[in-house]
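Here are some exercises to work through with the model open in your viewer. Try each one before you read its solution.

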Amino acid sequence: MKIAFSSLPNILKGEIYQLRKDYTIENIFIDSRNTVFDIKNLFIAIKGERHDGHFFIDELYSKGIRNFIIDQEIEINNYPEANFFKANDSINALQALAGYKRNNFKGNLIGITGSNGKTIVKEWLGKLIEAVYSVYRSPRSYNSQVGVPLSLWHLNHYQDYAIIEAGISKMREMEKLQAIIKPKIGIFTNLGTAHDEGFPSLEEKANQKALLFKDSSTIIFCKDFPEISNALHNLPKLEEKEFIGWSFEDNTSNYFVETEERYNGTAIRIPFDDHFHIFQVPFQDYASLENITHCLLLLLHEGLPIKVIQNTLNDIKPLNMRLETKKGKNSTYLVDDSYNNDLVGLDTALQFFSQQKQFQKRILILSDLLETGLTSEVLYQQLADRIALEQLSLVIGIGKEISILEKFYEGDLKIFPDTISFLEYEKENAFQEALILIKGARKFNFESIVQRLEQKIHGTILEIDLNKITHNLNFYRSRLKPNVKTMVMVKAFAYGSSSHEIANWLEFQNVDYLAVAYADEGVVLRQHGIQLPIMVMNPDPRSFELLHQYNLEPELYSLTIFKDYANYTRNHPRPLNIHLKLETGMHRLGFEPRESELLKSLLKENPQLKVASIFSHLAASDEAAHNGFSAQQAMSFKKSADEIIDFLGYRPLLHLLNSPGISRFPDYQFDMVRLGIGLYGVDPTGLYSEQLQSVSKLKTVISQVKHIRKGETIGYARKGVANEDMKTATISIGYADGFNRKFSQGIGKVVINGKAAPVIGNVCMDMTIVEVTHIDCKAGDEVIVFGDDPNISDMAKAIDTIPYEILTNISERVKRVFYTE
Ligand SMILES: *Cc1c(COP(=O)(O)O)cnc(C)c1O
């Protein structure tokens with residue numbers, strides 16, 4: 001469902017101040033830092049306590065944004081090409097836009113609220129329902145007054161279900177969220193008992209949250225929280241509501257749920273529709289059992305097949321953003337809750353912590369609390385009282401505000417101003433044999449503490465910085481003419497970076513198309529909930545079934561494959577998208593010009609096939625020496641494509657350029673470009689390397705440092721020879737990880753503590769030995785294999801290959817770790 005700028009007055013309160021060109025709005029955004037500068041995006045300027053969106057209009061305009069909603073007076077003459085809508089209130093406008101999208105959504109909307117577990121219930125439900133239906137879920141914890149509307153914006157007609165989380169912190173907020181979410185089915189997860197500033201009482205807090213379900217027809221909740229039960233029974237139109245109030249305690253309840261501990265998990269017995277259903281789940285803690293029971297009742301209510309539910313349950317894991325025990329170094333265990341930090345969350349974490357009774361020594365690492373409404377005196381007094389109950393061996397406070405804890409807390413306490421200074425301290429004073437709870441607000445980046453304290457199993461990881469992907473995407477987009485679309489090539493595991501994670505990120509950056517090499521790769525994307533259209537470049541008849549099942553669009557490049565696909569899809573009721581690849585000089589895949597008459601008759605005989613795009617591929621787009629050849633390819637492409645279009649009577653998308661092509665041939669952009677390696681920060685032409693950012697960093701660690709005497713040899717076949725006394729480091733990466741054996745004997749270099757260390761001897765399967773005579777280093781130190789320095793392009797040059805091969809060779813056993821911000 002499309003919204004044109006000119007139609008905003010029909011949806012929102014306010015008026016159009018200036019309308020220059022009527023765009024159809026693709027995406028809305030409120031944060032100027034993390035967005036794609038697409039001309040069809042709409043920026044809503046919101047004046048908050050700390051930031052005022054109106055200050056960023058200048059910058060956004062200069063980057064190509066043309067659609068704005070404002071609620072303050074600004075000098076619009078400065079922006080001659082932009083459209084402005086002046087709203088009474090920008091947040092209301094954002095909510096109204098989302099409400100409009102919601103009203104046009106025909107699928108089932110599930111709303112979730114409660115004190116804890118909202119995100120996990122949403123993620124699990126999404127995964128479970130996805131086994132049968134198409135599901136949309138709000139990203140991360142987009143559950144606030146602005147998060148909810150931003151997530152509703154992405155509702156789409158093809159989704160059968162949508163799951164939206166709603167969180168509130170004060171009175172009257174839920175009414176606004178209810179008005180735009182209007183959930184048909186509701187889950188009220190639970191109610192924390194902590195005193196809450198935003199509400200006069202616990203009862204009132206429950207009443208406010210319950211308002212989300214004012215108009216819902218089915219509500220699932222746990223009766224063991226009497227406040228929740230009461231609040232729901234205070235709602236209007238009770239007779240039209242179905243309550244599924246289940247209980248772990250009350251055996252007279254219609255929904256009395258029983259659990260029994262099993263090896264490695266729990267069996268849950270749930271009565272529903274006169275039957276008992278028994279499910280096995282892979283966890284035992286109370287919070288997880290409560291969360292999964294909500295999910296199971298919803299699935300039973302929606303009639304999902306029991307077998308499918310049980311199968312999918314086997315894959316359900318506690319979200320790693322949530323409490324998770326990891327093995328740390330020096331016989332420690334870590335409870336990683338490096339995600340949010342307030343008193344209620346801390347309370348839950350400490351409860352979990354105190355159940356782990358096998359440890360004598362307990363350490364709590366905590367950042368400043370993010371709590372509003374209390375003075376810091378009161379807040380930290382409460383914190384001190386709470387943690388005093390736990391008999392902790394040591395408390396580490398990190399942040400500016402938490403230092404006030406020294407006044408109230410009597411136990412062992414160390415304060416650090418920031419995460420970095422703590423990490424410095426930890427280097428010298430590593431913890432031993434303890435259980436460590438790590439709990440910090442997001443901005444303190446406690447992930448880095450977890451990473452440091454975690455036991456490295458196989459110490460090689462590929463770090464991928466998603467913000468840099470956005471940066472590179474924006475760079476390439478800035479080179480595109482208006483309305484040119486972007487297809488991103490995520491073949492080969494997204495150039496080694498893990499395709500579904502990347503695809504998921506790209507989907508939120510609103511790229512238009514994805515492409516993979518094989519049907520299986522497309523299936524993986526769909527199984528991870530990717531909704532974008534996906535082109536498959538090498539469809540083979542054995543995969544047609546999968547194409548069909550997962551809504552993937554084949555590239556057809558020869559008469560044979562065309563006929564096969566046509567036969568397979570004959571009599572299909574709906575048109576199916578295909579992509580035609582034309583031969584223009586690459587001589588790899590594609591229809592030859594002389595086949596055009598046969599191609600046309602096939603197209604005519606098969607009206608069930610709709611040509612979504614026509615494309616070709618440049619053979620040497622990165623080299624100026626072949627400019628003439630590229631121009632010829634472009635001409636021949638245009639000629640053949642035009643001929644097909646004349647014949648078809650409609651216009652598919654035309655596309656020709658890959659990343660180096662985008663850098664060098666703005667005139668051949670046609671309707672879409674196919675971005676590949678450029679997204680990862682590599683410009684094969686070298687022209688824009690400065691403007692791009694390298695997205696991935698391959699890291700490993702030193703396993704051992706050795707001193708070698710003059711004349712001794714190093715490694716297999718004694719290829720390394722010590723000409724002088726020297727120091728070597730054995731690092732945990734080898735050719736099986738994708739570190740090419742050609743890097744042997746000085747050809748390859750890694751960086752350790754800022755200095756280059758050349759490979760000595762031959763690269764082994766899982767290990768490599770490098771020379772570190774002049775580098776101060778020890779076992780456990782980090783080793784950079786590539787990143788900014790050494791960079792992928794230089795590495796490729798050293799062994800006479802191309803960056804593409806370096807990236808795609810990193811083996812799957814190397815763990816991928818993703819970062820944002
Ligand atoms: C891989 C591929 C691309 C992307 O190429 P890059 O050089 O990585 O941008 C574009 N088109 C086709 C047909 C491809 O196979």
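**Exercise 1.** Is Met 765 buried, partly exposed or exposed? Place it in the chain and list its contacts.

*Solution.* Keep in mind that we're working with a predicted model.
- Step 1: look up the relative accessible area of Met 765, which is 45%.
- Step 2: apply the cut-offs, where buried means under 20% and exposed means over 50%. The 45% value therefore makes Met 765 partly exposed.
- Step 3: find its place, which is the loop between strand E37 (755-758) and strand E38 (768-771).
- Step 4: skip residues up to four places away in sequence, and Met 765 touches Gly 734, Tyr 735, Ala 736, Asp 737 and Arg 813.

**Exercise 2.** UniProt gives the feature "binding site" to Met 765 and to which other residue? Work out how the two positions sit in sequence and space, then describe the partner.

*Solution.*
- Step 1: the record, an unreviewed entry, places "binding site" at Arg 588 and Met 765.
- Step 2: these positions are spread over 178 residues of sequence, and in space they are up to 33.7 Å apart between C-alpha atoms.
- Step 3: from this set, Arg 588 is taken in by the lining of the second largest pocket.
- Step 4: in the chain, Arg 588 belongs to the loop between strand E28 (576-581) and helix H22 (596-605).
- Step 5: its relative accessibility is 52%, so Arg 588 counts as exposed.
- Step 6: with neighbours within four places in sequence left aside, Arg 588 is in contact with Lys 581, Glu 583 and His 617.

**Exercise 3.** Characterise the second largest pocket: what is its volume, which residues line it, and why does it lie between two domains?

*Solution.*
- Step 1: the volume comes out at about 1200 Å³.
- Step 2: the lining has 47 residues, and Pro 660, Ile 677, Pro 684, Ile 802 and Tyr 804 lie nearest the centre of the pocket.
- Step 3: sort the lining by residue class, and you get 20 nonpolar, 17 polar and 10 charged.
- Step 4: check the helices. At least two lining residues each come from helix H17 (491-496), helix H24 (659-664), helix H25 (792-798) and helix H26 (803-808).
- Step 5: bring in the domain split, which runs domain 1 (3-89), domain 2 (105-313), domain 3 (324-455), domain 4 (463-680) and domain 5 (696-820).
- Step 6: both domain 4 and domain 5 give residues to this lining, so the second largest pocket lies between them.

**Exercise 4.** Helix H17 holds an annotated lysine and a residue with a positive phi. Which residues are they, and how accessible is each?

*Solution.*
- Step 1: the unreviewed UniProt entry puts "modified residue: N6-(pyridoxal phosphate)lysine" on Lys 491, and this lysine sits in helix H17.
- Step 2: Lys 491 has a relative accessible area of 26%, so it is partly exposed.
- Step 3: leaving out neighbours within four places in sequence, its contacts are Ala 515, Val 516, Ala 517, Glu 521 and Met 537.
- Step 4: the positive phi belongs to Ala 494, at about 55°, although Ala 494 is not a glycine. Ala 494 is also in helix H17.
- Step 5: Ala 494 has a relative accessible area of 0%, so it is buried.

**Exercise 5.** Hunt for backbone oddities around helix H25. Which residues does a cis peptide bond join, and which residue in the loop between H25 and H26 has a positive phi?

*Solution.*
- Step 1: recall the background, which is that most residues other than glycine have a negative phi and most peptide bonds are trans.
- Step 2: look at omega. It is about -5° for the bond between Asp 789 and Pro 790, which is cis.
- Step 3: locate Pro 790 in the loop between strand E39 (782-786) and H25.
- Step 4: now take the loop between H25 and H26, where you'll find Asp 800. Its phi is positive, about 60°, although Asp 800 is not a glycine.
- Step 5: with 73% relative accessibility, Asp 800 counts as exposed.

Terms used. Residues are numbered from 1 along each chain as its sequence is written. This is a predicted model: local features need pLDDT of at least 70, side-chain atom pairs count only at pLDDT 80 or more; totals for chains, interfaces and linings use all residues. Side-chain values use heavy atoms; hydrogens and water are left out. On a 1 Å grid over the protein atoms alone, a cavity is a set of points where a 1.4 Å probe fits but cannot get out, and a pocket is an open set with protein on both sides within 12 Å along at least five of seven lines; lining residues have an atom within 4 Å of a point. Grid points are joined across faces, edges and corners, and a volume is the space filled by probe spheres set on the points. Helices (H or I, at least four residues) and strands (E, at least two) are DSSP runs, numbered from the N terminus. Ala, Val, Leu, Ile, Met, Phe, Trp, Tyr, Cys and Pro count as nonpolar, Asp, Glu, Lys and Arg as charged, and the others, Gly among them, as polar. Domain bounds come from an automatic or database domain assignment. UniProt positions are given in the numbering used here, feature names are shortened, and annotations may be inferred rather than shown by experiment. Buried means under 20% relative accessible area, exposed over 50%, partly exposed in between (1.4 Å probe, protein chains only). Contact means heavy atoms within 4.5 Å.
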